[in-house]
Amino acid sequence: MEEEGREPEAGLAADKSGKGVVAAFGQSLKTLRVRAKTERDELGKRLGYSASTIASFEQGRRIPPPRAVDKSDEVLDAGGLLKVWKDQLERAQYPVFFQGMAQLEKQAAELLAYDTLVVNGLLQTEEYMRALFVNRRPLFDAETIEQRVTARLARQDVFDRRPEPLMSFVMCESVLRRKFGGDEVLRGQLEQLLLFGRRRNVELQIMPLDCADNSGVDGPFTVITRDDGERFVYSEAQGASDLETDPKQAVLAAARYGIIRSQALSPRESMQFIEKLLGEL
């Protein structure tokens with residue numbers, strides 16, 4: 001049940017890199033609304049939003065959710081002119097360097113991720129996400145933090161896709177010992193990892209700090225196999241990323257991941273390790 005006076009899915013603030021797309025959509029929305037001789041408050045009532053939220057959509061300050069785009073197209077008799085923006089609006093909520101990866105995650109048949117600094121974004125709790133974004137420098141404003149958290153949470157829909165993608169995560173022990181946000185945030189994150197680890201299509205493994213053999217010395221990376229069989233390698237650092245499409249590099253990365261996986265604790269041992277860390281908090 002929605003909270004009284006709260007608008008459903010009031011939309012996201014655009015990532016700065018997507019401002020142009022969101023602004024262009026807003027102009028189109030306003031043009032079609034004016035053409036239909038419909039006031040903002042009238043359109044808002046039909047969509048379930050206030051007039052001020054409609055103004056935010058039109059002024060490019062908020063990204064309307066897909067449902068609102070579809071309904072606006074219908075109410076304003078736009079003939080699909082607003083619906084064509086949906087994919088671009090979805091991409092606009094992510095930083096430019098991550099937009100390609102966000103699309104690949106939605107098409108993944110298999111995802112292999114090795115992480116050394118923080119818990120993989122697909123596994124993070126909302127509180128852990130906020131703690132990470134608050135720690136970023138230069139500082140993010142409150143609106144950007146909310147947008148990034150909402151967008152990152154939306155990525156976790158991949159776990160409920162049908163057919164289920166096969167997903168493997170190996171992370172360094174140090175990742176699970178960093179107390180971003182404090183003990184309670186870490187406790188919630190470790191509990192969530194245990195829940196993810198029980199999913200049939202997910203394997204979690206921990207690379208112990210005292211492991212003498214670790215072929216992940218070059219840092220974190222992700223190998224994604226798309227549902228058409230094409231494979232990609234993604235890595236990022238310091239706000240920049242690399243999406244490798246060379247098949248040879250993808251094969252080498254997958255092989256390297258296999259070696260890392262063999263050096264880490266088994267999934268069963270890893271779950272026991274996480275439970276042990278939880279008991280220490």
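Which way do F221, V223 and T225 point from β4, which way do T222, I224 and R226 point, and are they buried or exposed? F221, V223 and T225 point one way from β4, T222, I224 and R226 point the other way, and all are buried. Buried here means under 20% relative accessible area, with exposed over 50% and partly exposed in between (1.4 Å probe, protein chains only).

Before going further, a word on the model. This is a predicted model, in which local features need pLDDT of at least 70, side-chain atom pairs count only at pLDDT 80 or more, and totals for chains, interfaces and linings use all residues. Residues are numbered from 1 along each chain as its sequence is written, and side-chain values use heavy atoms, with hydrogens and water left out. Helices (H or I, at least four residues) and strands (E, at least two) are DSSP runs, numbered from the N terminus.

**The sheet**

Let's start with the strands. Six of them form an open sheet with mixed pairing, in the order β3-β2-β1-β4-β5-β6. Its edge strands are β3 and β6 (240–244), each of which pairs on one side only. From one strand to the next, the twist averages 15°. Two strands count as paired if DSSP finds at least two bridges between them. In general, strands of a sheet pair through backbone hydrogen bonds, either parallel or antiparallel.

Here are three of the pairings:

| Strands | Sense | Bridges | Opposite residues |
|---|---|---|---|
| β2 (residues 166–172) and β3 | parallel | six bridges | F169 and L204 |
| β1 and β4 | antiparallel | six bridges | L112 and V223 |
| β4 (residues 221–226) and β5 (residues 231–237) | antiparallel | four bridges | V223 and V233 |

V223 of β4 thus links to both sides of the strand: V223 is the bridge partner of L112, and V223 also stands opposite V233 in β5. T222 in turn stands opposite Y234 in β5. β4 and β5 form a hairpin with four residues between them, and G229 in the turn has a positive phi of about 95°.

How covered are these strands? β4 is mostly covered, with six of its six residues buried. Strand β3 (residues 202–207) has five of its six residues buried, so β3 is largely enclosed by the rest of the structure.

**The helices**

Helix α6 (residues 96–106) lies across β1 (108–115), β4, β5 and β6, running at about 140° to β5. Axes are lines fitted to C-alpha atoms, for helices over the stretch in contact, and angles run from 0 to 180 degrees between N-to-C directions.

Helix α7 (residues 126–135) and helix α8 (residues 142–155) pack at an angle of about 140°, with their axes 10 Å apart. That makes α7 oblique to α8; angles under 35 degrees count as roughly parallel, over 145 as roughly antiparallel, 65 to 115 as roughly perpendicular and the rest as oblique. The contact (heavy atoms within 4.5 Å) brings residues of α7, including M129, L132 and F133, to residues of α8, including I145, V149 and L153. By class, this contact of α7 with α8 has seven nonpolar, no polar and five charged residues. Ala, Val, Leu, Ile, Met, Phe, Trp, Tyr, Cys and Pro count as nonpolar, Asp, Glu, Lys and Arg as charged, and the others, Gly among them, as polar.

The axes of helix α10 (residues 183–197) and helix α12 (residues 267–280) come within 10 Å and cross at roughly 160°. α10 and α12 are therefore roughly antiparallel to each other.
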